[in-house]
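Thanks for sharing this one; here are some notes to read alongside the coordinates. They are set out as numbered points, so feel free to take them in any order.

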Amino acid sequence: MLTIFIDFKSAASYLALKPALALIEKTGIEAKWLPFSSRPFTIPEEQPDETVGERHRRVRAIAQRDTHLHYAAVQKIDLQFSNNPQSSDVALAALAVLDSDPVPFIRAAFKAYWSDQSNLDDQFSVGQLLNNCGCEISDWPEALAALQTIREKAEEQKVFETPTFLIDGQIFLGREHLPWISNIIAERTT
């Protein structure tokens, strides 16, 4: 089992989706998609009297955004960074309790957040996405509680950012580890 922690407001999680799905299809491994709310990505505003540390954080954030945009272009993904990033907790709560195949909802939620700038912290907006995917959530308080429980268990496993992959008791942060994960899966079958 490959466990994948994602957050819809994480550009890195969105960029990991296609490669992770390709790995799952290629290897046939069972995947469990779990929500994990991470910090929203922001670029600090330039200050006239910024310290070296503040400038470093700002320049690093710009470079990270530009790298994400580059890889989004390679994958032909529309990735629009917002100046005011929104939470995605309601959509993550929906993912926490989905009984059906989560991939259609995951695809729709990423597109809604990054292409359409939809509010994924709004039950009505998320309800429409779920409906479009043939899913529904009847108990939102239960879904939000499930999201919190998943987060607590994830933190016990040392998850702190997304995308995070867990396999065979090993933890990997970032899509750059997918070739290594592929090798682990291949070793299981030989």
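1. Let me begin with a loop residue. Asp 168 sits in the loop between strand E3 and strand E4, the latter spanning residues 170-173. Keep in mind as you look that this is a predicted model. The phi of Asp 168 is positive, at about 50°, although the residue is not a glycine. In general, most residues other than glycine have a negative phi. With a relative accessibility of 46%, Asp 168 counts as partly exposed.

2. A second positive phi deserves a look. Lys 76, again not a glycine, has a phi of about 60°. Where does Lys 76 lie? Its place is the loop between helix H2 (52-75) and helix H3 (89-97). Lys 76 is exposed, and its relative accessible area is 73%.

3. Please also check the backbone at Pro 163. The peptide bond leading from Thr 162 to Pro 163 is cis, and its omega is near 0°. As a general matter, most peptide bonds are trans. Pro 163 belongs to the loop that runs between helix H6 (140-156) and strand E3 (164-167).

4. Now to the cysteines. How many disulfides does the model have? The count is 0. Cys 133 takes part in no disulfide, and the nearest cysteine sulfur, which belongs to Cys 135, lies 5.7 Å away. Why is there no bond for Cys 135? A disulfide calls for sulfur atoms within 2.5 Å, and the closest cysteine sulfur to that of Cys 135, in Cys 133, is 5.7 Å off, so the gap is too far for a bond. As for accessibility, Cys 133 is partly exposed at 25%, while Cys 135 is buried at 11%.

5. The packing of two helices makes a nice item to inspect. Helix H4 (residues 103-114) and helix H5 (residues 123-132) have axes that come within 9 Å and cross at roughly 135°. H4 and H5 are therefore oblique to each other. The crossing of H4 past H5 is right-handed. On the H4 side, the contact is made by Phe 105, Ala 108, Ala 109 and Ala 112, and on the H5 side by Val 126, Leu 129 and Leu 130. Which kinds of residue make up the contact of H4 with H5: nonpolar, polar or charged? The residues divide into 7 nonpolar, no polar and no charged.

6. Helix H7 (residues 178-189) contains Ser 182. Is Ser 182 buried or exposed? At 13% relative accessibility, Ser 182 counts as buried. Setting aside residues up to four places away in sequence, Ser 182 touches Leu 23, Lys 26 and Thr 27.

7. One last residue to pick out is Val 97, which is part of helix H3. Which residues does Val 97 contact, leaving aside neighbours within four places in sequence? They are Ile 137, Glu 142, Ala 143 and Ala 146. If you would like a distance to check in your viewer, try Val 97 to Leu 173: the pair are 76 residues apart in sequence, and their C-alpha atoms are 24 Å apart in space.

Methods
Residues numbered from 1 in each chain as written. Predicted model: local features only at pLDDT ≥ 70, side-chain atom pairs only at ≥ 80, totals over all residues. Heavy atoms only, no water. Buried < 20%, exposed > 50% of the residue type's maximum accessible area, 1.4 Å probe, protein only. Axes fitted to C-alpha atoms, helices over the stretch in contact; angles between N-to-C directions. Helix = DSSP H or I, 4+ residues; strand = E, 2+ residues; numbered from the N terminus. Parallel < 35°, antiparallel > 145°, perpendicular 65-115°, else oblique. Left-handed = near helix turned anticlockwise from the far one by under 90°. Contact = heavy atoms within 4.5 Å. Nonpolar A, V, L, I, M, F, W, Y, C, P; charged D, E, K, R; others polar.
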